[in-house]
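Biologist: I am new to this structure and would like a close look at a single part of it, with its surroundings explained as you go. Please begin with how much of the chain it belongs to is buried.

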Amino acid sequence: MRNLFSSTNLRNLVILLVVAGILILAISGYLTPIFNLSFSPLISAQSWLSQRYLAIRDFFTYPRDMATLRAQNVQLENEVSMLQSKIVELQESLSQAQILYALLDFARANPEHDYLAATVIGREISPYYQYIIIDKGSNDGVLHGMPVVTQQGLVGRVDAVIANAARVQLISDANSVVNVRLQNAKVEAQIRGSITGEISLEMVPQDAEVQIGDVLLTSGLGGNYPPNIFVGQVLSMQSQKNSLFQTGAVQSIVDFSNLSAVLIITNFEVVDISPLIP
Amino acid sequence: MPFYLLTIISFIVTLMLQIGIVSRAVLLAGSADVMLLFIAAWSLHQDRKNAWILVLAFGFIIGSISAGPFFIPLITYMLVFFAAKLMHHQIWRTPLLSMFLLTFFGTLFQNGLHLLVLWVQGVGFSFTEAFTNILLPSVLLNMLLAIPVHALVQELFPSELPVGAPL
């Protein structure tokens, strides 16, 4: 019992109580100002030391990081180039898909014909002739004379065929003549191409009242084209007193310079009326 | 043998470029004819005895592909070839000048033949319009492309003929 209250034990007990008291005061937050006051210089010193260390470390490791950054930069530039080329590829595919969707919509909207889609792979060498070359030929069932259209309207007709390609004469060619019908005026007429690709309207009766913007559709006469295919609009008209017919200029709805895909009407049978022509 | 192979490959590549790209790039209504330029430059840089057979074959191929009469490219290319042979000896110091002369007169001749054929066929056209919108732009485009085509052909087919050599 005497040992229990020995001076050593009492001292340990006092220390324990002091430590417990300090802990209780610290936990309850009473010592926070004292801690702040005492730790603040330490933190400042630690911060200063750390900054100096980082500065010295950066100074020695800087060249190595430059090389790494350069390598990363090159790698990223390569990735950017690759992604950009991928974007261009995808945009190209998207544009092609949009054209094909439009052609598909046209084919669905006009179910009376059978269509074969073809890609335009070239143009006629001579600027005096308006022809395009497509990637479908006799192997795909393409025959001479088949009409060619897009979702916008009439393009022309197949002029020459080989196994895997065909040449299409555009309606803007100088040797092309298409029989048309003026939708509003309800008269038959002809459109003729030219060496520069402009289309003129001919054989319009003098008494026909043709307005600018009147729509032209194929009439089906002559048996070269099916009827009611959109051709274009009247751009201007000229009427001379001494002539039998009115003439005019036609704006085709199809942009022949930017044709990339077309539809060939495969179930249309061309009627050859040449033996009947005297 | 490599010479003929290279010539045929160059011809095919030029033809693809012509049909796929050059013919689509129009100025007013005219377009360049790189086939003619290739024949002119190639004729200036070789001296094989049987080269005219190749030119004849090329002319026939182009004539078959083109919607126009097949004899127009045939005649034009042969004429350009023989004119190049003459020029190589007469204006040997400046092959580029020969190229320009061949291009200018070759284009004029070819366009003139086309117009003549269209006129014979009864196709109505205004000569002024054809001259302004097709012929002149075509000549201009051909003259512009003559320099790069000549340079390229010169690199592909280093001249075999000693300059100023007798015919």
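Modeller: Of the 278 residues of chain A, 28% count as buried, where a residue is called buried if 20 or more other C-beta atoms, placed from the backbone, lie within 10 Å of its own, exposed if 12 or fewer do, and partly exposed in between. This is a predicted model, in which local features need pLDDT of at least 70 and side-chain atom pairs count only at pLDDT 80 or more, while totals for chains, interfaces and linings use all residues. Residues are numbered from 1 along each chain as its sequence is written, and chains are lettered from A and ligands numbered from 1 in the order in which they are written. Chain A averages a pLDDT of 85, with 96% of the residues scoring at least 70; pLDDT is the predictor's confidence in each residue, from 0 to 100.

Chain A has two helices and twelve strands, these being DSSP runs numbered from the N terminus, with H or I and at least four residues for a helix, and E and at least two for a strand. Along the sequence, the two helices come before the strands, in the pattern α-α-β-β-β-β-β-β-β-β-β-β-β-β. The radius of gyration of chain A is 43 Å, well over the 19 Å that the globule rule gives for 278 residues, so chain A is more spread out than a compact globule. That radius is taken over C-alpha atoms, and the rule is 2.2 Å times the number of residues to the power 0.38. In keeping with this, the C-alpha atoms of chain A fill a box of roughly 150 × 40 × 40 Å along the principal axes. Among its elements, helix α2(A), residues 32–109, has the lowest mean pLDDT, 82, and strand β5(A), residues 166–170, has the highest, 93.

The single part to look at closely is A:P147, which lies in strand β3 of chain A. A:P147 is buried, with 23 other C-beta atoms within 10 Å. Not counting residues up to four places away in sequence, A:P147 touches A:R157, A:Y225, A:P226, A:I265 and A:F268, a contact being two residues whose C-beta atoms, placed from the backbone, lie within 7 Å. One of these partners, A:I265, is 118 residues from A:P147 in sequence, yet the two are 5.6 Å apart in space, C-alpha to C-alpha. Over the whole of chain A, 57% of the contacts between residues at least 6 apart in sequence join residues at least 24 apart.

From this residue we can step out to the domains. An assignment, automatic or from a database, gives chain A domain 1 (116–170) and domain 2 (177–255). Their C-alpha centres lie 23 Å apart, and the contact takes eleven residues from domain 1 of chain A and 13 residues from domain 2 of chain A. On the domain 1 side, β3 (147–149) and β4 (154–161) of chain A are the elements that give two or more residues, and β4(A) provides the largest share, three residues. By class, that side has six nonpolar, four polar and one charged residues; Ala, Val, Leu, Ile, Met, Phe, Trp, Tyr, Cys and Pro count as nonpolar, Asp, Glu, Lys and Arg as charged, and the others, Gly among them, as polar.

The next step leads to a nonpolar core, a set of buried Ala, Val, Leu, Ile, Met, Phe, Trp, Tyr and Cys residues joined through C-beta atoms within 7 Å. The largest such core has 83 residues, and those with the most contacts inside it are A:V155, A:V262, B:F38, B:I39 and B:A40. Its largest share, ten residues, comes from α2(B). Both domain 1 and domain 2 of chain A give residues to this core, so it lies between them.

The core therefore brings in the other chain, since α2(B) gives it ten residues. Helix α2(B), residues 34–44, is mostly covered, with eleven of its eleven residues buried, and these pack against α1, α3, α4 (71–90), α5 and α6 of chain B. Among the residues of α2(B), B:F38 is in contact with B:S10, B:F11, B:T14, B:V149 and B:V153, leaving aside its neighbours within four places in sequence. Where the chains meet, 25 residues of chain B are in contact with 20 residues of chain A, and α6(B) gives the most to the chain B side, with five residues.
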